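Hi there,

Here is the structure I promised to pass on to you. Have a look at it first, and then read my notes below.

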Amino acid sequence: QVQLVESGGGLVQTGGSLRLSCAASGTIFRLNRMGWYRQAPGKQRELVAVITSGSTTNYGDSVKGRFTISRDNAKNSVFLQMNSLKPEDTAVYYCNLGHKLTVGSSWLDYWGQGTQVTVSS
């Protein structure tokens, strides 16, 4: 079983910055990806950013150029540096880890409890 613990959310003004952290524990397969998703009230959960075990990254269109995802493989941790924050970035941010035993296996996904990010105008 994999557990994810997030930290770093909070309240910030427009144009400010926040850094989210997520630490994973448990047995994690070598083939994995870690990322962040967010969900605003009344909206579907959406991809913010993801990074694979090979450090390939992918970002949601709305955060490209403002957010940066990184990871520390030795500590099974993923980070999200959020700059130039906007009120529309306000949401609960969820850490996600997906892993699989072999290339042909199905992904197994795990989620953190979520951390609130609020950007005031």
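**What I found**

A salt bridge joins the side chains of D109 and R33, with N and O 3.1 Å apart. Since D109 belongs to strand β10 and R33 to strand β4, this pair ties together parts that lie 76 residues apart in sequence. D109 is partly exposed, at 36% relative accessible area, whereas R33 is buried, at 18%. Please keep in mind as you read that this is a predicted model.

R33 has another partner to look for. Its charged end sits over the ring of W107, at 4.2 Å from the ring centre. You can find a similar arrangement at R45, which lies over the face of Y94, 3.8 Å from the centre of that ring.

Now for the rings themselves. Which two residues form an aromatic pair? They are Y37 and W111, and their arrangement is edge-to-face: the centres are 5.2 Å apart and the planes are at 70° to each other. The structure holds 1 aromatic pair. Y37 sits in strand β4 (residues 31-39) and W111 in strand β10 (residues 108-111), so this pair links distant parts of the chain, 74 residues apart. Both residues are partly exposed: Y37 has a relative accessible area of 21%, and W111 has 38%.

Back to the charges. How many salt bridges are there by the rule used here? The count comes to 5. One of them joins E46 and R38, whose closest N and O atoms are 2.6 Å apart. Is R38 buried or exposed? With 5% relative accessibility, R38 counts as buried, while its partner E46 is partly exposed at 35%. Another salt bridge is formed by the side chains of K64 and D61, at 3.1 Å from N to O. D61 is exposed, with a relative accessible area of 66%. There is also a network: salt bridges with shared partners join R38, E46, R66 and D89.

Last, try finding V63. This residue lies in the loop between β6 (57-59) and β7 (67-72), and it is buried, at 1% relative accessibility. Leaving aside residues up to four places away in sequence, V63 touches R38 and V48, so you meet R38 from the network again here. V63 and D89 are 26 residues apart in sequence, and their C-alpha atoms are 8.6 Å apart in space.

Enjoy exploring, and write back with any questions!

Best wishes

How values were computed:
Residues are numbered from 1 along each chain as its sequence is written. This is a predicted model: local features need pLDDT of at least 70, side-chain atom pairs count only at pLDDT 80 or more; totals for chains, interfaces and linings use all residues. Side-chain values use heavy atoms; hydrogens and water are left out. Rings of Phe, Tyr and Trp (its six-membered ring) pair if their centres lie within 6.5 Å; planes under 30 degrees apart count as stacked, over 60 as edge-to-face and the rest as tilted. Helices (H or I, at least four residues) and strands (E, at least two) are DSSP runs, numbered from the N terminus. Buried means under 20% relative accessible area, exposed over 50%, partly exposed in between (1.4 Å probe, protein chains only). A charge sits over a ring if NZ of Lys or CZ of Arg is within 6 Å of the ring centre and within 35 degrees of the ring normal. Contact means heavy atoms within 4.5 Å. A salt bridge is a side-chain nitrogen of Lys or Arg within 4 Å of a carboxyl oxygen of Asp or Glu.
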